[in-house]
Amino acid sequence: MWTFLATSTLALNNFFFYYPAQSYSYDLSHSLQYNLTVLRMPLETLKTETTQTRQESFDIFEDEGLSTQGGSGVFGICSKPYEKYVWNGKLLEAVKNTVHRDWLLYIIHGFCGQSKLLIYGRPIYVTLIARRSSKFAGTRFLKRGADCEGDVANEVETEQILYDASVMSFSVGSYSSYVQVRGSVPLYWSQDISTMMPKPPITLDQGDPFAHVAALHFDQMLQRFGSPIIILNLVKEREKRKHERILSEELVAAVTYLNQFLPPEHAIIYIPWDMAKYTKSKLCNVLDRLNVIAESVVKKTGFFVNRPDSYCSILRPDEKWNELGGYVVSTGRLQTGVLRTNCVDCLDRTNTAQFMVGKCALAYQLYSLGLIDKPNLQFDTDAVRLFEELYEDHGDTLSLQYGGSQLVHRVKTYRKIAPWTQHSKDIMQTLSRYYSNAFSDADRQDSINLFLGVFKPAEGKPHLWELPTDFYLHHKNTLSLSQTKRSYTYWWTTGVLKHLPLPFDEVACPENRRKLTVKKFHKYDEEIDIHNEFFRPYELSSFDETFCLAMTNSTRDFMPKNVGIDPSPFTVRKPDETGKSVLENKSNREETVLQRKTAASAPPPPSEEAVSSSSEDDSGTDKEDEGAVSQRSTPVKVTDAGDNTKITENVVQSTKDVYGVNLSDVPSEEDLTIYTRFVQLGQSQHKQDKSSQQLCSKHHLDRVINLVPISAFSQDNIYEVQPPRADRKSIEIFHAHIQAGRGDMQPLGKDDFLMYREYIRNRYL
């Protein structure tokens with residue numbers, strides 16, 4: 001369902017890849033909670049120019065068939081994409097009001113990954129989506145802190161989605177999501193790299209005694225996420241020379257100032273924790289401490305799920321589940337508030353902290369869907385390994401985009417199980433990171449400014465490469481004075497506090513209704529029938545073209561292959577019992593092909609966070625092999641000519657190893673004949689549906705759809721299913737079972753007494 005979201009990519013340079021933010025079926029710029037709640041708003045509450053008869057409520061994702069007097073059609077609710085995460089908005093402004101809306105495809109910049117978790121054969125898709133902000137965007141040392149509008153550098157919204165793939169429907173399917181954010185410290189600060197120092201000093205560029213820029217930033221978060229806003233600050237607090245501590249002191253002062261005007265129940269929660277200090281200590285377990293923080297955070301914010309609590313949670317209540325926060329509605333739960341994690345770079349330490357919070361939220365999500373009996377997940381299980389692999393790909397991608405290299409400190413580093421052989425590569429990686437930040441980041445920043453429309457070429461003005469700095473391009477208050485000034489005390493947008501803890505963007509108010517439009521479509525438009533448009537069931541296709549073979553599978557990639565091993569993905573495995581990693585089995589050539597698909601045919605330069613920036617600690621490092629961006633969770637389909645067969649055979653195991661049977665390479669003539677007949681039946685039925693609909697519209701029978709079987713044989717009709725017939729004895733057994741459940745027991749017969757005596761004799765005598 002979700003793998004098609006990353007089919008189109010655009011390479012700005014070696015480290016930038018994009019995903020369509022708004023396809024014809026799903027809007028990636030908004031969260032799943034927004035798409036499944038706001039877009040199902042009852043039509044009667046929307047004030048539009050449409051005067052047709054409308055049903056009480058409906059879903060834009062399903063064709064439910066709304067009949068009106070003017071003809072047969074359906075109504076759809078269209079929303080505007082969230083501009084903050086759209087990267088080609090400036091490019092589409094020139095044609096947005098000219099061309100048809102189907103030609104406008106908004107894109108996001110970030111990461112999309114998906115893995116399949118098999119729970120005793122039940123498929124659960126784990127999807128990770130990262131949306132990078134297009135406001136104040138740039139590279140590592142050239143974009144620090146925040147701009148005058150409250151947008152911070154390296155701001156990324158990460159959403160993990162759990163989807164029960166056994167039911168593929170937005171109406172009745174089970175979905176759950178959890179959102180968290182990373183971003184630079186919302187202050188006016190920077191680092192000067194002109195001195196060619198490995199750790200440039202941190203300087204505060206402007207004084208902000210009334211926390212003006214921080215107020216703008218947290219006001220945006222209250223509108224999008226609600227309350228509480230939780231800040232997890234991971235920068236160093238104890239230093240011989242005051243460096244990172246400058247940011248901590250200023251951030252504490254800003255939060256303290258803003259909180260004195262907020263109601264106590266909606267105050268910003270600030271959690272300082274020196275992660276580098278705990279990492280160096282041999283007596284402290286970093287991940288245990290992060291797990292405690294994650295539990296408290298998830299209990300305060302809750303998460304989104306589109307189904308009410310299971311009955312089993314009422315029969316067997318769990319203490320942790322009863323303490324869960326969020327907002328409970330009749331259709332499920334809503335996440336209120338968000339966790340905002342930051343260090344200095346928001347790369348290594350931030351990614352590990354987000355993984356621990358996501359792992360805790362994943363346990364609650366699985367529990368809410370009835371897949372585990374307690375909301376708790378342990379390390380060294382197939383499910384956590386799969387999730388860890390997904391988050392490392394997520395961290396590597398975001399680190400490439402902002403810092404120019406992959407992650408250095410991974411989850412293994414903080415678990416202190418990293419192999420010592422990796423330390424020898426850190427020196428070369430440090431030099432590579434230093435070179436990238438010192439010499440190539442300026443060109444990348446110019447490309448970003450040009451692509452986002454921050455710099456607009458004009459005659460008589462200096463060229464982009466002639467500008468000494470882009471400070472005036474991102475800070476608009478330096479070019480003109482603002483006519484209106486925000487209050488120093490009432491620093492939030494009007495109406496935000498009224499709806500807290502719910503986010504202002506998701507409540508039914510006139511401001512949000514203006515962002516939604518109701519449009520009428522014909523029932524047989526191709527854009528409405530998403531399933532037929534995408535999967536093409538009436539065309540001869542192959543599994544290679546329909547499904548992504550490179551997706552991680554917990555059973556294939558992590559579960560041990562030994563006979564008698566517990567197949568549960570929640571069983572703790574010993575190191576010698578785990579399945580072999582796909583990365584360890586890939587050859588260098590296969591890694592090159594997979595990286596070329598996602599990194600625009602250029603292997604990324606390595607990195608070392610500890611030396612090139614003050615953000616990362618000096619603890620032990622852990623690096624994967626070169627080109628360690630794992631493609632097991634990234635939806636990539638290898639299509640190189642000549643190598644497709646070999647690579648697929650090596651990366652994906654044979655059907656004999658996975659399913660225990662061998663499938664023939666070429667279908668038999670009888671199977672092809674049956675499939676051809678099926679295709680013809682489907683095409684005939686599709687044509688007949690359209691012709692019957694046109695006939696009904698002529699005779700003003702819009703509410704009548706008469707489907708006539710196209711074949712005299714019911715078993716050949718793809719739109720008709722014959723129920724199985726049960727024999728008389730089976731029906732009698734079923735009726736006896738029903739009566740026993742009601743308390744009406746039938747008298748035992750002679751055969752029953754003989755069977756019982758035989759059982760007693762064999763069991764006890």
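This is a walk through the structure in your viewer, one selection at a time.

**Whole chain**

Keep in mind that the model is predicted. Start with the whole chain in cartoon view: there are 26 helices and 17 strands to find. Of the 765 residues, 50% are buried. Switch on a surface and you're looking at about 39,200 Å² of accessible area, with carbon and sulfur atoms contributing 55%. How much of the contact set comes from residues 24 or more positions apart? Counting contacts with a separation of 6 or more, the share is 75%.

**Stop 1: strand β4 and its partners**

Select residues 107-119, which make up strand β4. Because 12 of its 13 residues are buried, β4 is largely enclosed by the rest of the structure. Now add residues 122-132 to bring in strand β5, which pairs with β4 in the antiparallel sense over 10 bridges. To check the register, put sticks on Q114 and look across to β5, where T127 stands opposite.

The two strands form a hairpin with two residues between them. Pick Y120 in that turn: its phi is positive, at about 55°.

β4 has another partner too. Select residues 552-553, strand β17, which runs parallel to β4 and is joined to it by two bridges. S115 is the residue to click here, since T552 in β17 is its bridge partner.

**Stop 2: the loop between β5 and β6**

Follow the chain out of β5 into the loop that leads to β6, and stop at F136. This residue isn't a glycine, yet it has a positive phi of about 55°. Is F136 buried or exposed? Its relative accessibility is 7%, so F136 counts as buried.

Further along this loop is L142. L142 is partly exposed, with a relative accessible area of 34%. Show what surrounds it: leaving out residues up to four places away in sequence, L142 touches I193, D441, A442 and Q445. If you like distances, draw one from the C-alpha of L142 to that of A153; the two are 11 residues apart along the chain and separated by 9.4 Å.

**Stop 3: strand β15**

Next, select residues 338-342 for strand β15, where five of the five residues are buried. In a regular strand, side chains alternate between the two faces of the sheet. Turn on side chains to see how that plays out: V338, R340 and N342 are on one side, L339 and T341 on the other, and all are buried.

Then bring in the neighbours. Strand β7, residues 175-182, pairs with β15 in the parallel sense over two bridges, and V181 has R340 as its bridge partner. β10 also pairs with β15 in the parallel sense, over five bridges. Here the pair to click is L232 and T341.

**Stop 4: helices α9 and α10**

Select 348-368 for helix α9 and 382-403 for helix α10. Two packed helices are described by the angle between their axes and the distance between the axes. For α9 and α10, the angle is about 145° and the axes are 10 Å apart. The crossing is right-handed.

Now show side chains where the helices meet. From α9, pick N351, Q354, F355, G358, K359 and L362; from α10, pick V384, F387, E388, Y391, H394 and G395. Colour these by type and you'll get five nonpolar, five polar and two charged residues.

Stay on Q354 in α9 for a moment. At 0% relative accessibility, Q354 counts as buried. Apart from neighbours within four places in sequence, its contacts are T158, Q180, V181, R182, T341, Y391 and H394. You've already met T341 in β15 and V181 as a partner of that strand.

**Stop 5: a few backbone details**

Select S227 and P228, which are joined by a cis peptide bond with omega of about 5°. P228 sits in the loop between α3 and β10. Then jump to L500 and P501, where a cis peptide bond has omega of about 10°. This proline is in the loop between α14 and α15.

Finish at K416, in the loop between α11 and α12. K416 has a positive phi near 60° without being a glycine. At 45% relative accessibility, K416 counts as partly exposed.

Terms used:
Residues numbered from 1 in each chain as written. Predicted model: local features only at pLDDT ≥ 70, side-chain atom pairs only at ≥ 80, totals over all residues. Heavy atoms only, no water. Helix = DSSP H or I, 4+ residues; strand = E, 2+ residues; numbered from the N terminus. Buried < 20%, exposed > 50% of the residue type's maximum accessible area, 1.4 Å probe, protein only. Contact = heavy atoms within 4.5 Å. Areas by Shrake-Rupley, 256 points an atom, 1.4 Å probe, with all protein chains shown as cover. Axes fitted to C-alpha atoms, helices over the stretch in contact; angles between N-to-C directions. Left-handed = near helix turned anticlockwise from the far one by under 90°. Nonpolar A, V, L, I, M, F, W, Y, C, P; charged D, E, K, R; others polar. Pairing = 2+ DSSP bridges.
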